[in-house]
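Please open the model in your viewer and keep the selection panel to hand. The stops below go from one selection to the next.

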Amino acid sequence: MTLSENRPLIVSGAPRSGTSLLYNLFDGHPEIAWLVSEGYLFEYLNDIGTAAKQIFLDAVPKDVDTLVDGLRDKQVIPPLHVPYRQSVKRGSVSEVEIDAPWNEEAFRLSLARPREPGVDGLWRWLVAACLAGMEEMPKKFACMKSPDYAKSASGALNSIDSARAIVIIRDPLYAIDSLKRSRELRNQKFLTWPLIAQNIWAFQEMYARVNAASPDRLRLVRYESLVVDPKQVMSEIAEWLGINFNPCLLEPTMRGQHWPGISSFKPTDGIESGPAERPIQALTKSEQDLVRRYLSDFRTAFDYG
């Protein structure tokens, strides 16, 4: 493995903004190692801060069993050893399970090897172990998703020079409404007024993060543009990343299998524009006014105002 392989490619954004759709378009690309589910390594590094990242690095256990327990307990990297599942409990009307091949022994043997110093060394070490477990070869990029309001994007860009991030943006009125309605449909984690306030604040923080990043390393994608003209959007992303445009970039899949979408409303088939046209369903008028008042700069900047 060389330093030109397994560069971090982080897909992020707000929940219910199309992060899963965008992420699943990278599945199967010959220049991208796709890590299936969500992972929060760079969210932790963002939260701990650049000045204190050595604490995180020094905390990595030398014992492989202890290391693996921590990786999976806090999902530093995706839990690839278990089948990926979509279910109502996870916020999807689609009941889908994809059980990909996994070699646990190869994964652990890879983790037993020495790692290079720094966050870059940690990332490449962990990705190499994931790929060993999946019995795949290194590629130009290793792609991981975290719908955490661009915290992982910021954490990766501030930690690794070769990292690239794509943040998908959706009108916060519709993203927060979709989150509130999806919680109602699954009858848990209701978006009551304290969480409405928290989500508005998180959008403000995301706005600050993406504004602070270099456009050479972070690319913004409007969800509404992606679903209306996916070929144009994905062609531009491929050119920006320096990878070949591939037909898979227009077809969301999960380990090469049909992907019906993570939707709380109805299964999707490919890239559909319908969700972007769905009217407000859950936010009250006062909640909508609150979003408009505190996110006016955000909405204006991305042509939602």
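This tour of a predicted model visits a helix, a group of aromatic rings and two arginines.

**Helix 5**

Begin by selecting residues 104-111, which make up helix 5, and colour Phe107, Ser110 and Leu111, the buried residues of this helix. If you then turn the view to look down the axis of helix 5, these buried residues fall within an arc of 100°, so they line one face of the helix. On the other side of helix 5 you will find Glu105 and Leu109, both of which are exposed. Add helix 4 (64-73) and helix 6 (118-134) to the display, since the buried residues of helix 5 pack against these two helices. Before leaving, select asparagine 103, which caps the N-terminal end of helix 5 with a side-chain oxygen that lies 3.2 Å from the backbone nitrogen of glutamate 105.

**The aromatic rings**

The structure holds 9 aromatic pairs, and the next selection is one of them. Show phenylalanine 203 and phenylalanine 298, whose ring centres are 5.4 Å apart and whose planes stand at 90°, so the pair is edge-to-face. This pair links distant parts of the chain, with phenylalanine 203 in helix 9 (residues 193-212) and phenylalanine 298 in helix 14 (residues 296-301), 95 residues apart. Phenylalanine 203 and phenylalanine 298 are both buried.

Next, select tyrosine 207 and phenylalanine 302, where the ring centres lie 6.2 Å apart and the planes meet at 75°, so that this pair is edge-to-face as well. Because tyrosine 207 lies in helix 9 and phenylalanine 302 in the segment after helix 14, the pair ties together parts that are 95 residues apart in sequence. With a surface display switched on, compare the two partners: tyrosine 207 is partly exposed, with a relative accessible area of 22%, whereas phenylalanine 302 is buried, with a relative accessible area of 11%. Now add Tyr149 to the selection and show it with Phe203, Tyr207, Phe298 and Phe302, as ring pairs link these residues into a cluster.

**Two arginines over rings**

For the last stops, select arginine 7 together with phenylalanine 141, and note that the charged end of arginine 7 sits over the ring of phenylalanine 141, 5.7 Å from its centre. Then move to arginine 115, which lies over the face of tryptophan 125, at 5.6 Å from the ring centre.

Technical notes. Residues numbered from 1 in each chain as written. Predicted model: local features only at pLDDT ≥ 70, side-chain atom pairs only at ≥ 80, totals over all residues. Heavy atoms only, no water. Buried < 20%, exposed > 50% of the residue type's maximum accessible area, 1.4 Å probe, protein only. Helix = DSSP H or I, 4+ residues; strand = E, 2+ residues; numbered from the N terminus. Arc of directions from axis to C-beta. Contact = heavy atoms within 4.5 Å. Polar contact = N/O pair within 3.5 Å; in protein donor to acceptor, adjacent residues only side chain to side chain. Phe/Tyr/Trp six-rings, centres within 6.5 Å; stacked < 30°, edge-to-face > 60°. Lys NZ or Arg CZ within 6 Å of the ring centre and 35° of its normal.
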